[in-house]
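Visitor: I would like a close look at one part of this model. Please take one pair of packed helices and stay with it.

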Amino acid sequence: MDHDLFESVPNFSEGSRPEVIAQLAGAAARAHVLDVDADVDHNRAVISVAGRRHDLVDALVASVEMAVERIDLREHRGVHPRVGVADVVPIVPLGGTSLRAARDIAQAVGNLIWARIHVPVYFYGYGESNTLADIRAGRVAPAVGDPSHHPTAGAICVGARLPLVAFNVLLPDLDASEARALARSLRESAGGLRGVQALAFELPGSRVQLSMNLFRLNETTPAEVIAELQRRGVEMGAEQVVGLSPALAATPAADGRLLEGRMASAAAAEGSRRCAERRDEEHAALAVRLAAEAEALARLPADQDAILGGAERAAALVRVLKVAGVLDDELQSILGAAARGFRAAVGPATEGIYRARVNALDARLA
């Protein structure tokens, strides 16, 4: 059922103009917008969207087109490296969807960007020989379009990858040089932690930030990075998840930023909209309840009780929307993927405490 479901997390080079960020999110709303996370210091906005193939392609091309219209890279200032106004556009498989299918979408999006918007495109990630490091260093030419970058939009990097967590930590006791050395030591490429990319940034206000992508979550999670920093005696300040985190890898920094919670929330919100369109009293009342459930699911904390409850609520929404006559294959796929993602994050101790609930959930998801 969920073999055509994808997430994308385009990173736009704009984090300080709310009206432009709203326009980018509005253009992306051809799919389900799960989250908008803007950072003034990095001058970057991360927009998380999910949906079926056709809707996602439309959403990404439209949002890139909006970025080209509204952002001028020549005027951009921010600590994060970038090659374009829509810097990276990763395609992530959800549910039972394959990485190969995600790569197919990446290729389609990249070719459409060049054909419609005339901004050159690099391909990276699964199935590609180039890495983002190669691209940012200027070691390779664009795969699609003019070898020279667009004068105001730069170039776009599009690729397929598995889910990752973008995880930042402030380092109050380190200066920039010490933080850069720490970042190098943590990188997989330098023999550090498996599945870790790391940079160090100086932020306004004399702050130093360790910025990481944890791209193989089955090998290194945020909790394991924290444990390693503690083992080394590194003093840590505020922790931040950029965008969303799969429940399986969530720490308290991901409270209210669970991928599965936002997926279930998006499905509940769409169900509410469809019920409201029916214009009868029963559907109108259900629309109000679904809207409230959407808000609650979007704010779920990253603790085990909430994660188990999230799995149960996502599974229950399938029945609710079906009885209401507003369930389609896409919403069923989103809710199924959300429920199974939550279920995979339920730990053995929680299973032991709530054995009857877990057994009932497993029977429902079978």
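Visitor: Does α7 pass α9 in a left-handed or a right-handed crossing?

Guide: α7 passes α9 in a left-handed crossing, meaning that the near helix is turned anticlockwise from the far one by less than a right angle (clockwise would be right-handed). The model is predicted, so local features need pLDDT of at least 70 and side-chain atom pairs 80 or more, while totals for chains, interfaces and linings use all residues. Residues are numbered from 1 along each chain as its sequence is written, and side-chain values use heavy atoms, without hydrogens and water.

Helix α7 covers residues 259-278, and helix α9 covers residues 304-324; helices are DSSP runs of H or I, at least four residues, numbered from the N terminus. Their axes lie 11 Å apart, at an angle of about 15°. Therefore α7 is roughly parallel to α9 (angles under 35 degrees count as such). Axes are lines fitted to C-alpha atoms over the stretch in contact, and angles run from 0 to 180 degrees between N-to-C directions.

On the α7 side, A264, A267, A268, G271, C275 and R278 meet A314, L317, L321 and A324 of α9, where contact means heavy atoms within 4.5 Å. By class, the contact has eight nonpolar, one polar and one charged residues.

Helix α9 also supplies 10 residues to the largest nonpolar core, the largest share of it. That core has 68 residues; such a core joins buried (under 20% relative accessible area, 1.4 Å probe, protein chains only) Ala, Val, Leu, Ile, Met, Phe, Trp, Tyr and Cys residues through side-chain atoms within 4.5 Å.

Methods
Buried means under 20% relative accessible area, exposed over 50%, partly exposed in between (1.4 Å probe, protein chains only). Helices (H or I, at least four residues) and strands (E, at least two) are DSSP runs, numbered from the N terminus. Angles under 35 degrees count as roughly parallel, over 145 as roughly antiparallel, 65 to 115 as roughly perpendicular and the rest as oblique. Ala, Val, Leu, Ile, Met, Phe, Trp, Tyr, Cys and Pro count as nonpolar, Asp, Glu, Lys and Arg as charged, and the others, Gly among them, as polar.
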